[in-house]
Amino acid sequence: MAETPFEDLITDVTILVDETDYTDKSQLKEILRDSHSSTGTTRSSYKISGSDQEIEELFMKLCTLGRPIKAVVAAPVMEYIKKRHSAELNKMKGSHVLTEELLSAETDSITMIFKPFSSRVRESRVRLVRERFVTFYQRIASNLHVTNVDIKQDQCRDLQIEFPELVIYPQPFGATVRGSYANIVSLQDFIQQKSSGLRDRQARRALEAPMHFTNNHVHSSSAASCEQLDEEETCVICMEVIRKEVKKTLNCKHSFCRGCLKKAFVYKPVCPTCGALYGTLKGTQPEGGEMSCSNQTSSLPGYEKFGTITVRYNIPSGIQKEDHPNPGQTYEGASRVAYLPDSPEGQKVKELLQRAFKLRLIFTVGQSSTSGRDNVVTWNDIHHKTSISGGPTCYGYPDPDYLKRVQEELKLKGVE
């Protein structure tokens, strides 16, 4: 019995085309106009039905159109970056790349579209800016915390001046604060001191004196009469002068109050000043995943003398736990494939990645920077080469500095 041709088995195919996925919208509409069964579903998307051959021909035409270079990010995080890191953001884009932002109120996300300033700017440069932006965004977002504080609305302005690293949003009852863990702890301790008085003996003597803001500290007018401290060194966590009997100095030479440092290390065992790692980071990668490695004789661009190591990850879907953004809710798993050269340095990176996987550091649960979807398994700031070729802008090879960079990223997480 002769087999039925594939195109005769599937006689009716329907696809959705979103015009926001294409840069040349006028040419897109012209192509879609030739598809007689094209109907508009929303203001910017079209439903096209036809035979398998017709849809395949349409798809080939669509492939000739330029697709925008974009990244989907969380709107609150992006707002924080604009307020506190605008200089770094502008420097990253430079004068050759423009960005357009599309806000989705439904998902509270922003689609960042990266465009060349002129036709003389190469696409590879635009893609490189997008790659740098995603890396920068992930690093900011991974250390960003949100909390609510019980303060009056008229106090928000003074506190915002006192803590410029934070973003404080007045609310009907209290305020919402966004920023790094260390800065939020400093704010909370500052508010507690104002409500209950300074804790140490020197401050109790001056409790009746008026308090005022100056240089991120709380001072009293009778401070000169207080007992002298051995060292005028400030703890960046609580913003108090460090008393000698509770001083803790790390190997990186930065000092803190012992209790403050202990609280900070519960969250992440890194120096709050320079980020030096002390101990092993506890990862949030979902449990139950698998990592496997295999070897091929074919080589990667730039490593023609060596074979290829193929790394495969599989993280099944499941229920989020307490260390995830939405405990109790489901998350969508992921399968990923990455490539390393089978060189001595590539083999070393493979072993480091295997250790990082066991420590649950490769993946996390959060929002995808490409699709914008929440509650999905995403990369955890350890970059992988998911393409064989195309260079850095396409997450592929050749990239002579990649093995060195990924070892530095692993070192920041305590894997070396």
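**An internal cavity and the cysteines**

Leu89, Met92, Lys93, Thr99, Met112, Phe114, Val129 and Phe133 form the lining of the largest cavity in this predicted model. The elements that contribute two or more residues to this lining are helix H5 (86-93), strand S6 (109-116) and helix H6 (123-142). Of these, H5 gives the most, supplying 3 residues. In character, the lining divides into 6 nonpolar residues, 1 polar residue and 1 charged residue. Lys93 is the charged member, because lysine counts as charged, and Thr99 is the polar one, since threonine is not listed among the nonpolar or charged types.

As for volume, the largest cavity holds about 30 Å³ of space. The count of cavities of 30 Å³ or more comes to 1.

Attention can now turn to the cysteines. A search of the whole structure finds 0 disulfides. Cysteine 252 is accordingly in no disulfide, and the nearest cysteine sulfur, belonging to cysteine 271, lies 3.7 Å away. That pair does not count as a disulfide because the two sulfur atoms would have to be within 2.5 Å.

The surroundings of two cysteines can be described as well. Cysteine 156 has a relative accessibility of 6% and therefore counts as buried, the cut-off for that class being under 20%. Cysteine 252, with a relative accessible area of 21%, is partly exposed.

Key
Residues are numbered from 1 along each chain as its sequence is written. This is a predicted model: local features need pLDDT of at least 70, side-chain atom pairs count only at pLDDT 80 or more; totals for chains, interfaces and linings use all residues. Side-chain values use heavy atoms; hydrogens and water are left out. On a 1 Å grid over the protein atoms alone, a cavity is a set of points where a 1.4 Å probe fits but cannot get out, and a pocket is an open set with protein on both sides within 12 Å along at least five of seven lines; lining residues have an atom within 4 Å of a point. Grid points are joined across faces, edges and corners, and a volume is the space filled by probe spheres set on the points. Helices (H or I, at least four residues) and strands (E, at least two) are DSSP runs, numbered from the N terminus. Buried means under 20% relative accessible area, exposed over 50%, partly exposed in between (1.4 Å probe, protein chains only).
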